[in-house]
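Let's go through this model together, asking at each step what a label rests on. The answers set each value beside its definition.

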Amino acid sequence: MSIVTDLLTKPGVIAAGEYAYRGDRFSYRGALSEEHARMASIMCRATTMGANMEGRMLEVFQPRNGLFPPRGWVVHGPDYTVCVMANVFCMLDNASGSINNTINFMAQALAKASPDLI
Amino acid sequence: MATLDELMQLPGAMAAFEFRGSGELLEQRIAYPERINESTLDLLAHMCAANMSIATMQARGWEKVTHMKGFYPIQEFTLVGFDWSVVVSGLDRERFKDRGKASLPPFTGVVLANEKADYEAAFATMEKPEPAP
């Protein structure tokens, strides 16, 4: 199974997808329309690129700091959380999902993902 | 509002800090000064302020376009790095806004070692309501 398929079996996950770092492709599964999934992919890719730029800047300023290379990011809202690791995104319902389990699952599943954003 | 000392009690806490919405570092606690210092926290605070603003804009736009509610306002933004994560919260500021206050408290943040990080515990600590006066 792909990580997206695996994520959808986790409690609280309402949608998950993958995007290409170069921005020309995305795929998804779950409770989103095609157009909304495209928008989510674009926003996640933009934030990932920004986080990587910030991580590189921090690394130049203080080498061997533990934030570089960035592996992902999480936005926690009142009812929903967006978790992104490498080029995979996931939307989680806070009431029925576990943020710790989701982050840990994604981090392990994507542990060998290249940090080169290619 | 969680104090910096409370945030330093979280599993794997390496540093806790407060910063303005414009990113300036206001106060900090550092557990391992040889690994993370005030200058690094200052740059990190500016990065976190930028990320909170961008995430807030995206959540606002997402809700307007999709009519899905529950993403805005952003309560916490977390950057997961190779060995460390940084969690920042602006929830206290939202509570002040809800009460009609013009002067807002600072953002709070905590740097956690990934191997011990409990993100949900960090969120819960940061979301703890203020004690009644």
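Q: Which residues of α2(A) are called buried, and what makes them so?
A: In this predicted model, the buried residues of α2(A) are A:A37, A:A40, A:S41, A:M43, A:C44, A:R45, A:T47, A:T48, A:A51, A:E54, A:G55 and A:L58. A residue earns that label if 20 or more other C-beta atoms lie within 10 Å of its own; with 12 or fewer it is exposed, and in between it is partly exposed, the C-beta atoms being placed from the backbone.

Q: How are residues and chains named here, and what confidence is required?
A: Residues count from 1 along each chain as its sequence is written, while chains are lettered from A and ligands numbered from 1 in the order in which they are written. Because the model is predicted, local features need pLDDT of at least 70 and side-chain atom pairs count only at pLDDT 80 or more, whereas totals for chains, interfaces and linings use all residues.

Q: What makes the span of α2(A) agree with a helix of 28 residues?
A: The expected span is 1.5 Å times one less than the number of residues. For α2(A) that gives 40 Å, and the distance from its first C-alpha to its last is 41 Å, close to the expectation. Helices here are DSSP runs of H or I with at least four residues, strands are runs of E with at least two, and both are numbered from the N terminus.

Q: How do you know that chain A touches chain B, and which element supplies the largest share?
A: Contact means C-beta atoms, placed from the backbone, within 7 Å. By that rule 30 residues of chain A are in contact with 31 residues of chain B. On the chain A side, α2 (34-61), β3 (72-76) and α3 (99-109) each supply at least two residues, and α2(A) gives the largest share, 10 residues.

Q: Why are β3(A) and β3(B) called paired?
A: Two strands pair if DSSP finds at least two bridges between them. β3(A) and β3(B), residues 76-80, have five bridges in the antiparallel sense, so they meet the rule. Within this pairing, A:W73 stands opposite B:L79.

Q: Which strands pair with β5(B), and how covered is β5(B)?
A: β1(B), residues 13-19, pairs with β5(B) in the antiparallel sense over six bridges, with B:A13 facing B:L112. Six bridges also join β4(B), residues 84-89, to β5(B), again antiparallel, and there B:W84 stands opposite B:A113. As for cover, six of the seven residues of β5(B) are buried.

Q: Why is B:K101 called exposed?
A: B:K101 has 11 C-beta neighbours inside 10 Å, so it counts as exposed. B:K101 lies in the loop between α3 (91-98) and β5 of chain B, and its C-alpha atom is 23 Å from that of B:F123.

Q: What makes the radius of gyration of chain B agree with a compact globule?
A: The rule, over C-alpha atoms, is 2.2 Å times the number of residues to the power 0.38. For 133 residues that gives a value near 14 Å, and chain B has 15 Å, which agrees. Of those residues, 41% count as buried.

Q: How do you know that the predictor is confident in chain B and in the complex?
A: pLDDT, the predictor's confidence in each residue, runs from 0 to 100. Chain B averages 95, and 97% of its residues score at least 70. For the complex, the predictor gives an ipTM of 0.95 and a pTM of 0.95.

Notes:
Two residues are in contact if their C-beta atoms, placed from the backbone, lie within 7 Å.
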